[in-house]
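Biologist: Please take a close look at one salt bridge in this predicted model, and describe its two partners and their surroundings with care.

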Amino acid sequence: MIVIGNAKQTQNHSSANSGDGVLSNERYSSSSYQDQMDDALNTTLTNDKATLIQVWKPKSYGSVKGQIPQQERLTYTWKEIDVFGEAPSDGKSRESLCTRIRNCCTRQRKDFNPRKHLLKNVTGVARSGELLAVMGSSGAGKTTLLNALAFRSPPGVKISPNAVRALNGVPVNAEQLRARCAYVQQDDLFIPSLTTREHLLFQALLRMGRDVPSSVKQHRVQEVLQELSLVKCADTIIGAPGRIKGLSGGERKRLAFASETLTDPHLLLCDEPTSGLDSFMAHSVLQVLKGMAMKGKTIILTIHQPSSELYCLFDKILLVAEGRVAFLGSPYQSAEFFSQLGIPCPPNYNPADFYVQMLAIAPAKEAECRDMIKKICDSFAVSPIAREVLETASVAGKGMDEPYMLQPMEGVGSTGYRSSWWTQFYCILWRSWLSVLKDPMLVKVRLLQTAMVATLIGSIYFGQVLDQDGVMNINGSLFLFLTNMTFQNVFAVINVFSAELPVFLREKRSRLYRVDTYFLGKTIAELPLFIAVPFVFTSITYPMIGLRAGATHYFITLFIVTLVANVSTSFGYLISCASSSISMALSVGPPVVIPFLIFGGFFLNSASVPAYFKYLSYLSWFRYANEALLINQWSTVMDGEIACTRANVTCPRSGEIILETFNFRVEDFALDIACLFALIVLFRLGALLCLWLRSRSKDSRIVSGQAGLAVAAIHSRPRCDEYQVRPSWRLIPATSSDAHG
């Protein structure tokens with residue numbers, strides 16, 4: 001983590017450590033800091049016109065149970081946060097298709113018209129060692145504010161360019177803040193089939209630095225399990241509420257915290273961490289956050305209506321009403337503030353309930369309630385507490401003629417990912433393979449289903465002989481091979497990426513891995529299953545039907561059926577990546593497959609395809625696979641081998657005549673195999689492109705720029721790098737050479 005400390009403190013700290021070059025291991029050692037700092041947890045903000053240059057030195061790894069050193073603590077300030085809800089103008093619905101495609105493929109943000117003023121000139125501060133709770137009624141703007149502070153505003157929301165968000169007085173943009181904080185969202189998204197330990201190990205491998213040894217990562221996972229009381233459920237699957245039995249609500253919430261605290265971030269943002277929990281679980285979750293704050297972390301959370309027991313845990317509260325700040329200070333100051341307004345909290349009454357009720361809009365008293373909210377917000381805006389907060393937050397806006405610079409971290413690639421490409425690929429492959437093995441629908445049931453269908457088809461077409469009836473039956477059974485492999489595999493994977501899309505988007509937004517590593521890992525993990533299914537199917541049906549004898553013909557048939565299974569799987573991936581939901585994917589799949597089925601040569605002769613559908617038929621894997629299977633079956637059948645048992649009946653006397661009937665040529669066998677391979681590559685590249693566009697469009701909307709801030713750091717730096725090295729700081733005047741060096 002890049003820690004922005006007080007200039008004078010960091011200068012002294014650097015000079016103190018420069019003599020022997022040895023750093024203490026307070027932060028990660030098992031020994032705790034002495035409790036010598038009670039209320040002195042806040043880092044002084046620097047307003048010197050200087051550049052902070054980071055000097056990296058090796059550090060050890062271990063527990064984070066000790067206090068955070070004073071010079072490494074973070075104070076987060078924000079000023080003039082105005083957020084607008086936006087909607088496209090009337091003319092957008094009639095824009096051309098080319099314009100829509102261009103907007104989809106570029107990072108340029110669309111022009112929107114303001115719809116609603118969601119947050120109005122919000123200014124605040126969150127100091128280290130404090131637990132700041134953002135409270136207010138539903139629709140007051142709590143989550144909107146937290147998303148704005150985390151640079152994760154959803155599509156259709158625009159933040160004013162004058163907004164300033166700073167760490168210890170140094171303005172930061174989206175990538176720089178994301179590298180220094182953790183954001184625990186309200187919805188817990190996990191892979192249900194993983195255990196708690198497996199999930200944390202996956203997160204540790206990708207979140208912690210690429211130079212951190214594997215043993216250290218495993219040790220860190222064990223420490224987090226102990227610190228968040230997850231040891232007893234370490235080997236329990238996470239599960240999915242209502243579908244798969246697994247962790248309880250409180251354990252899932254603590255697991256979400258554990259995922260974000262693996263790299264020990266000093267700034268933690270939580271969106272309603274007690275939502276859906278009972279009072280006991282909510283208190284245990286808040287105690288975890290309180291313990292983190294007491295170590296020197298900066299904690300900001302939103303909470304709807306806490307109990308009086310939870311209210312006592314808050315160091316500061318931020319009351320939001322109608323998008324404005326109604327109060328920001330300690331609970332004791334809030335009681336004094338509302339008493340001065342003539343609306344004191346009644347004795348033996350939960351202050352949180354009282355404040356929320358006072359700042360809520362009653363259905364039958366909207367005008368009266370809005371007047372009361374305006375009175376409270378206006379009174380706080382001119383209060384001494386608000387002036388102090390504004391003065392603290394204004395430090396970030398001073399001295400910008402000589403800009404601050406956040407030195408990029410070492411040990412991270414230019415793309416900003418915390419782990420290498422191969423590490424990302426290995427982790428995705430490992431997690432996906434575990435999901436395949438633990439999901440009975442993907443292994444046991446599918447293999448059993450394949451065996452049952454193969455036995456049924458083999459029984460229907462059992463013991464075919466080479467006569468005029470047998471030729472027709474064999475051709476039908478071979479085409480049934482293709483239809484069964486297609487529909488079975490398309491619908492088996494059509495929900496793979498759609499179901500995991502929320503998890504993928506969240507992890508991709510956190511820069512855990514690239515899109516290509518995720519796609520390759522997911523698809524390769526399922527590859528053995530799509531080789532085993534064709535093998536089981538072909539091995540049962542081939543001898544039962546009595547197809548062309550010989551090991552060579554059998555293995556060629558098995559090879560072609562395996563190719564068809566993987567082509568249809570690739571097409572299923574394409575539909576899954578292009579669809580926004582499982583229901584849409586299931587609705588789109590069958591209508592799209594039917595045209596390719598018609599062009600297979602069984603229902604419509606290849607020579608009879610209309611000219612305007614000729615190019616579409618080139619994408620039909622049924623066409624290439626049917627031709628290859630028939631060539632393998634009939635190319636070696638000579639004249640006279642087919643018995644013509646009835647007179648006045650058209651009877652093909654050789655395999656060559658059968659192929660001519662379908663307009664198939666033996667010379668095209670190699671081309672058919674090559675086209676099947678080409679379709680596998682084409683469909684998978686299309687699926688990868690759709691997945692990349694989906695993740696890119698989401699990121700481009702979510703990450704909003706911070707205009708007007710002269711920040712010299714270019715590359716994003718992930719927060720896990722604090723695990724690689726422990727920084728010390730020295731104060732150096734900003735020069736042109738420093739800015740470019």
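Modeller: Lys290 is buried, because its relative accessible area of 18% falls under the 20% cut-off, whereas Asp315, at 24% relative accessibility, counts as partly exposed. These two residues form a salt bridge in the predicted model, with the closest N and O atoms 2.7 Å apart. Lys290 belongs to helix 8 (residues 279-294), while Asp315 lies in the loop between helix 9 (308-311) and strand 11 (316-321), so the pair ties together parts that are 25 residues apart in sequence.

The structure holds 14 salt bridges, and another of them joins Lys438 to Glu198, with 2.6 Å between the closest N and O atoms. Here the link is between distant parts of the chain, since Lys438 sits in helix 14 (residues 421-438) and Glu198 in helix 5, 240 residues apart. In this pair Glu198 is the buried partner, with a relative accessible area of 18%, and Lys438 is partly exposed, with a relative accessible area of 31%.

A salt bridge within one helix is formed by the side chains of Glu366 and Arg370, at 3.5 Å from N to O; these residues are four apart in helix 12 (residues 366-381) and are therefore separated by about one helical turn. Both partners are partly exposed, Glu366 with a relative accessible area of 40% and Arg370 at 39% relative accessibility. Through salt bridges that share partners, Glu366 and Arg370 are joined with Glu322 into one network.

Terms used. Residues are numbered from 1 along each chain as its sequence is written. This is a predicted model: local features need pLDDT of at least 70, side-chain atom pairs count only at pLDDT 80 or more; totals for chains, interfaces and linings use all residues. Side-chain values use heavy atoms; hydrogens and water are left out. A salt bridge is a side-chain nitrogen of Lys or Arg within 4 Å of a carboxyl oxygen of Asp or Glu. Helices (H or I, at least four residues) and strands (E, at least two) are DSSP runs, numbered from the N terminus. Buried means under 20% relative accessible area, exposed over 50%, partly exposed in between (1.4 Å probe, protein chains only).
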